[in-house]
Amino acid sequence: MEGPHIQIVITGALVPLQPEVTTIGRGSYTDVRLADPSVSVLHAEIMRRGPYVYVADLGLSRNGTRVNGRLVARKLLADGDALAFGSARCRIGGIMADEVTDAEPPKSATPELTRRELDVIASLCRPAMSDDAFVTPATAREIAADLVVTEAAVKQHLLRLYSKLRIAEGQNRRIRLANEVIALGLAKPQMPDDQRESRAISWSPAAAAAAAAVHRQQAPVPTARRRLTGRTGGPA
């Protein structure tokens with residue numbers, strides 16, 4: 001097929017991209033419908049700007065959007081890039097080559113984070129467990145209420161996390177931070193007991209190891225990992 005298009009891997013179907021915006025999701029009125037339960041009703045959009053094409057995830061859905069295996073919020077695409085919306089795999093094609101690459105600075109696989117920064121990450125990413133089609137990370141105010149600290153303190157922790165994980169300034173910075181920590185395995189979603197209505201996120205083994213490395217010389221702390229909940233008034 002000539003011109004920009006997307007291929008649905010499981011069926012081999014080729015769908016031409018719309019002139020400006022191509023919607024992707026499980027919904028009946030999307031341009032590219034993916035009948036996969038891991039895909040949101042309206043999951044992502046593929047945008048065309050002249051010869052350039054980029055994909056934009058429409059919020060922090062449970063399973064997210066990946067380009068060549070990496071979780072993204074927004075990413076410029078190249079011909080042949082592999083896309084994954086949840087577990088539904090696709091491939092982009094028909095895009096003109098450009099000498100300019102969308103390079104990203106190298107990032108540390110396991111940055112050293114403090115226990116409080118890990119708490120902020122867990123609270124930030126908790127909405128990823130929602131079943132809603134549109135989900136965004138928690139705001140600084142919501143994180144502050146969850147951890148029983150001031151909003152100013154949360155903002156300072158977020159600034160340090162942006163710096164440590166090299167999240168550039170710009171739109172959707174919290175979304176990009178949440179995508180990055182999930183991709184690095186620093187926040188691991190877990191299902192709570194059946195009797196609980198809420199969902200929670202605990203530290204992953206990588207995050208626990210990072211905290212242990214930073215606090216090895218400090219006073220002993222409980223070894224059991226704390227599961228954060230949406231209730232306020234708990235320990236900070």
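Reader: Before anything else, what does "buried" mean here?

Author: A residue is called buried when its relative accessible area is under 20%. By that standard, 41% of the 236 residues of the protein chain count as buried, and it should be kept in mind that the model is a predicted one.

Reader: OK, and how many helices and strands are there in the chain?

Author: The protein chain has five helices and 13 strands. As for its surface, the chain exposes about 13,000 Å², and carbon and sulfur atoms supply 52% of that area.

Reader: What share of the contacts comes from residues 24 or more positions apart?

Author: Counting the contacts in the protein chain with a separation of 6 or more, 50% of them are between residues 24 or more positions apart.

Reader: Let me look at one helix, α1. Why is it described as largely enclosed?

Author: Helix α1 is largely enclosed by the rest of the structure because nine of its 11 residues are buried. Those buried residues are Glu 117, Leu 118, Asp 119, Val 120, Ile 121, Ala 122, Ser 123, Leu 124 and Cys 125.

Reader: And at what angle does α1 pack with α2?

Author: Helix α1, which spans residues 115–125, packs with helix α2, residues 140–147, at an angle of about 115°, and their axes are 10 Å apart. The crossing of these two helices is right-handed.

Reader: Which residues make that contact?

Author: From α1 the contact is made by Arg 116, Asp 119, Val 120, Ser 123 and Leu 124, while α2 contributes Ile 143, Asp 146 and Leu 147. Sorted by character, the residues of this contact are four nonpolar, one polar and three charged.

Reader: I spotted Cys 125 in your list for α1. How many disulfides does the structure hold?

Author: The structure holds zero disulfides.

Reader: Is Cys 125 buried or exposed, then?

Author: Cys 125 counts as buried because its relative accessibility is 0%, which is under the 20% cut-off. Cys 90 is buried as well, since its relative accessible area is 2%.

Reader: Changing topic: where does Ile 167 lie?

Author: Ile 167 lies in the loop between α3, residues 151–164, and α4, residues 173–183.

Reader: Is that loop residue, Ile 167, buried or exposed?

Author: Ile 167 has a relative accessible area of 5%, and because this falls under 20%, the residue is classed as buried.

Reader: What separates Ile 167 from Glu 180?

Author: Along the chain Ile 167 and Glu 180 are 13 residues apart, and in space their C-alpha atoms are separated by 8.5 Å.

Conventions: Residues are numbered from 1 along each chain as its sequence is written. This is a predicted model: local features need pLDDT of at least 70, side-chain atom pairs count only at pLDDT 80 or more; totals for chains, interfaces and linings use all residues. Side-chain values use heavy atoms; hydrogens and water are left out. Axes are lines fitted to C-alpha atoms, for helices over the stretch in contact, and angles run from 0 to 180 degrees between N-to-C directions. Helices (H or I, at least four residues) and strands (E, at least two) are DSSP runs, numbered from the N terminus. A crossing is left-handed if the near helix is turned anticlockwise from the far one by less than a right angle, and right-handed if clockwise. Contact means heavy atoms within 4.5 Å. Ala, Val, Leu, Ile, Met, Phe, Trp, Tyr, Cys and Pro count as nonpolar, Asp, Glu, Lys and Arg as charged, and the others, Gly among them, as polar. A disulfide is a pair of cysteine sulfur atoms within 2.5 Å. Buried means under 20% relative accessible area, exposed over 50%, partly exposed in between (1.4 Å probe, protein chains only). Accessible areas come from the Shrake-Rupley method with a 1.4 Å probe; for residues, only the protein chains shown count as cover.
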